[in-house]
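Please work through the exercises below with the sequence and the model at hand, and attempt each task before reading its solution.

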Amino acid sequence: MMDKVSTPRKRMTTWLGAAAVAALIAGGAVESGLIAPNSAHAELRSMTQAVPAAPSFADVVERVKPAVVSVKVKVQNVADRSGDGDGQQFSMPDLPPGHPMERFFRNFRDRQEPGERGQRGQRQQPRRFGQAVGSGFFISADGYVVTNNHVVDKASEVTVIMDDGKELDAKVIGTDPKTDLALLKVEGSDFPHVRLAGQKARIGDWVVAIGNPFGLGGTVTAGIVSAQHRDIGAGPYDDFIQIDASVNRGNSGGPTFNLAGEVVGVNTAIFSPSGGNVGIAFAIPASTVDNIVTALKENGSVTRGFIGVQMQAVTKEIAEAIGLSEPKGALVAEAMKDGPAAKAGVKTGDTIVAVDGQPIREAKDLSRKVAQVAPGKSVSLTLFRDGKERTVTLEVAPQPKGI
């Protein structure tokens with residue numbers, strides 16, 4: 001019985017083995033006794049291979065995070081601070097009743113000095129000061145810290161909280177409201193610090209933002225550079241980088257890094273109909289930060305160049321009317337009497353298309369370029385007038401106060 005049962009099994013096994021070999025031979029060539037599978041076999045084999053790991057920001061974060069700080073500010077006359085910056089009064093996000101984060105946000109909103117009580121226990125009028133929070137970062141080993149102007153505006157006391165929790169008193173060295181930058185100084189040495197990027201970030205580059213959103217210090221988010229040269233109406237020198245890394249209240253003044261660990265921008269504003277992150281944040285580019293910080297460190301303030309012209313945008317219709325091949329440059333609406341431009345022969349109706357050979361794309365381009373020129377230095381303006389280009393040279397003056 002065993003022989004009758006086992007013999008058919010042996011035959012069937014032999015037949016299946018031959019069929020399998022035949023199938024493999026049909027699917028690929030046999031060389032030196034080895035079967036070379038066809039492309040279909042290779043595809044099946046590749047599907048079993050390990051998928052490469054996704055990019056990690058851990059190495060960059062580990063290197064730069066110690067240089068990022070939280071900035072805690074004691075503010076006088078809280079009611080006088082308006083707008084929606086980090087130093088202002090906090091409004092509760094729209095949360096459903098009983099949401100687990102409701103208590104946290106309420107505590108964050110109410111984080112202010114308690115009112116005093118009189119001798120009989122009655123609560124007196126609370127003192128008009130509270131606390132604001134923001135972010136910043138060490139720019140040098142000797143204790144200079146960069147943050148936003150609106151974070152420390154009207155501050156009576158400023159405290160820097162390091163990544164390890166250590167608190168240090170900080171002094172405001174100088175501020176520049178027009179670019180919303182401020183420079184602080186803490187006593188000490190050998191602080192962890194980061195450097196500003198020498199090249200601007202490209203659209204599509206990965207970036208990492210680190211800061212203190214809602215008082216949660218050391219928070220790391222990532223995204224990409226979404227756009228460049230954004231004008232959000234914040235000031236005369238708007239030239240923001242737009243990023244989609246999550247940024248919220250408390251992130252202001254904090255750095256945005258490239259993957260080399262260099263600061264490409266300082267987070268300063270968000271676009272948010274609801275008050276929370278919607279993936280559109282704006283950072284001051286490193287080139288602007290470098291110029292402003294250098295001036296604040298040396299002088300405590302920023303002195304900008306001034307040529308004395310009122311400008312108007314060159315629209316398509318204006319370009320056609322004056323004979324320009326395309327809308328570009330800054331149309332001079334008025335050359336101020338006795339100003340540097342008027343003295344050099346600039347007239348109403350001229351279009352400034354270049355400064356020192358650098359093209360002017362739009363009116364704000366001219367403002368930014370002239371502002372960066374040190375007073376007393378000479379520059380050449382390329383003017384378009386009566387269908388022709390001509391060049392004039394003038395000496396840049398210091399910008400008058402209030403302009």
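The exercises that follow concern a predicted model, and each task is paired with a worked solution.

**Exercise 1. Compare the expected span of helix α6 with the distance between its end C-alpha atoms, and state what follows the helix.**

Solution. Begin with the length: helix α6 covers residues 286-299, which makes 14 residues. The expected span is 1.5 Å times one less than the number of residues, so that α6 should span 20 Å, and its end C-alpha atoms are indeed 20 Å apart, in agreement with the expectation. Then look past the end of the helix, where α6 is followed by G300, a residue with a positive phi near 80°.

**Exercise 2. Determine which residues of α6 are buried, and which strands these residues pack against.**

Solution. Taking under 20% relative accessible area as the cut-off for buried, one finds A286, T288, V289, I292, V293, A295 and L296 in this class. An α-helix has 3.6 residues a turn, so residues three or four places apart point the same way. The next step is to follow the contacts of the buried residues of α6, which pack against β5 (144-147), β7 (167-176), β8 (181-186), β13 (263-270) and β14 (281-285). As for orientation, α6 lies across β13 and β14, and runs at about 50° to β14.

**Exercise 3. Find which residues touch the most other members of the largest nonpolar core, and which element supplies the largest share of this core.**

Solution. The largest nonpolar core has 27 residues, of which F137, V146 and V289 touch the most other members. At least two residues of this core come from each of α3 (58-64), β5, β8, β9 (206-211), β13, β14 and α6, and the largest share, five residues, is that of α6. When residues up to four places away in sequence are not counted, V289 touches V146, L181, L196, V266 and I284. A second core of 20 residues, separate from this one, includes A341, I360, L383 and V392.

**Exercise 4. Trace the pairing of β6, β7 and β8, and locate the residues of positive phi in the two hairpins.**

Solution. Start from β6 (residues 155-161), which runs antiparallel to β7 and is joined to β7 by four bridges, with I161 standing opposite E167. Five residues lie between the strands of this hairpin, in which G165 takes a positive phi near 95°. Continuing to β8, six bridges join β7 and β8, again in an antiparallel arrangement, and K171 has K185 as its bridge partner. The hairpin of β7 and β8 has four residues between the strands, and D180 in the turn has a positive phi of about 60°.

Technical notes. Residues numbered from 1 in each chain as written. Predicted model: local features only at pLDDT ≥ 70, side-chain atom pairs only at ≥ 80, totals over all residues. Heavy atoms only, no water. Buried < 20%, exposed > 50% of the residue type's maximum accessible area, 1.4 Å probe, protein only. Contact = heavy atoms within 4.5 Å. Core = buried A, V, L, I, M, F, W, Y, C linked by side-chain atoms within 4.5 Å. Pairing = 2+ DSSP bridges. Axes fitted to C-alpha atoms, helices over the stretch in contact; angles between N-to-C directions.
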